[in-house]
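The exercises below are meant to be worked through with the sequence and the 3D structure open side by side. Each task is followed by a solution that goes step by step.

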Amino acid sequence: QVQLVESGGGLVQAGGSLRLSCAASGRSLSSYAMGWFRQAPGKEREFVAASTRSRGSTLYADSVKDRFTVSRDNAQNTEYLQMDSLKPEDTAVYYCAARFGGGIATSRGNYAYWGRGTQVTVSS
């Protein structure tokens, strides 16, 4: 079993940046393909980004492409979501998730392990 904990959220002005962390314990993140999702007020949880188990390939939602970047620190057993040029519409609770599988998955149902989320609020 792997446990995931997100951190790094907060309040930021439009145009600013935040770096979210997804720290894993219990198992190595190298054993899982990873995904990021977000849920805004009044909205369904939506796909943000997903990586293969090897982290050799990452898919981003069109809404965040060229603004968000996924990276990994093997020594810290942590995955990061770097968010630049933030917009008010990026305001949401952000979740990281893990799945036992090697490929890209964009649906919530594909992921068995979830963090509890971290709030990101972007003001105008």
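**Exercise 1. Describe the largest nonpolar core of this predicted model and the strands that build it.**

Solution. Begin with the extent of the core: the largest one holds 33 residues, and those with the most contacts inside it are Leu4, Trp36, Val48, Phe68, Leu81, Met83 and Tyr94. Next, assign the core to secondary structure: at least two of its residues come from each of strand 3 (18-25), strand 4 (33-39), strand 5 (46-51), strand 7 (68-73), strand 8 (78-83), strand 9 (92-99) and strand 11 (118-123). Finally, look for the main contributor, which is strand 9, giving the most to this core with five residues. As background, nonpolar side chains in soluble globular proteins tend to be buried together.

**Exercise 2. Classify the ring pairs Phe68 with Tyr94 and Tyr95 with Trp114, and place each within the chain.**

Solution. The total count comes to seven aromatic pairs. For Phe68 and Tyr94, the ring centres are 6.5 Å apart and the planes stand at 50°, so this pair is tilted. Since Phe68 belongs to strand 7 and Tyr94 to strand 9, the pair ties together parts that are 26 residues apart in sequence. Both Phe68 and Tyr94 are buried.

For Tyr95 and Trp114, the centres are 6.4 Å apart with the planes at 75°, and because planes over 60 degrees apart count as edge-to-face, this pair is edge-to-face. Tyr95 lies in strand 9 and Trp114 in strand 10 (residues 113-114), so the parts tied together here are 19 residues apart in sequence. As to accessibility, Tyr95 is buried at a relative accessible area of 12%, whereas Trp114 counts as partly exposed at 24%.

**Exercise 3. Work out the surroundings of the Trp114 ring, including the charged side chains over it.**

Solution. Start from the aromatic neighbourhood: Trp114 forms one aromatic cluster with Phe37, Phe47, Tyr95 and Tyr111. Then turn to the charges, where Arg45 lies over the face of Trp114 at 5.2 Å from the ring centre, and the charged end of Arg108 also sits over the ring of Trp114, 5.9 Å from its centre.

**Exercise 4. Locate the disulfide and state its geometry and its place in the fold.**

Solution. A search of the whole structure finds one disulfide, formed by Cys22 and Cys96, whose sulfur atoms are 2.0 Å apart. The angle about the S-S bond is 65°, and the link of Cys22 and Cys96 is right-handed. Because Cys22 lies in strand 3 and Cys96 in strand 9, the pair ties together parts that are 74 residues apart in sequence. Both Cys22 and Cys96 are buried.

**Exercise 5. Compare the settings of Asp66 and Asn77, each a residue with a positive phi although not a glycine.**

Solution. Take the backbone angles before the surroundings: phi is about 75° at Asp66 and about 50° at Asn77. Asp66 is found in the loop between strand 6 (58-60) and strand 7, while Asn77 is found in the loop between strand 7 and strand 8. For the last step, consider accessibility: Asp66 has a relative accessible area of 78% and is therefore exposed, whereas Asn77, with a relative accessible area of 18%, is buried, because buried means under 20%.

How values were computed
Residues numbered from 1 in each chain as written. Predicted model: local features only at pLDDT ≥ 70, side-chain atom pairs only at ≥ 80, totals over all residues. Heavy atoms only, no water. Core = buried A, V, L, I, M, F, W, Y, C linked by side-chain atoms within 4.5 Å. Buried < 20%, exposed > 50% of the residue type's maximum accessible area, 1.4 Å probe, protein only. Helix = DSSP H or I, 4+ residues; strand = E, 2+ residues; numbered from the N terminus. Phe/Tyr/Trp six-rings, centres within 6.5 Å; stacked < 30°, edge-to-face > 60°. Lys NZ or Arg CZ within 6 Å of the ring centre and 35° of its normal. Disulfide = S-S within 2.5 Å.
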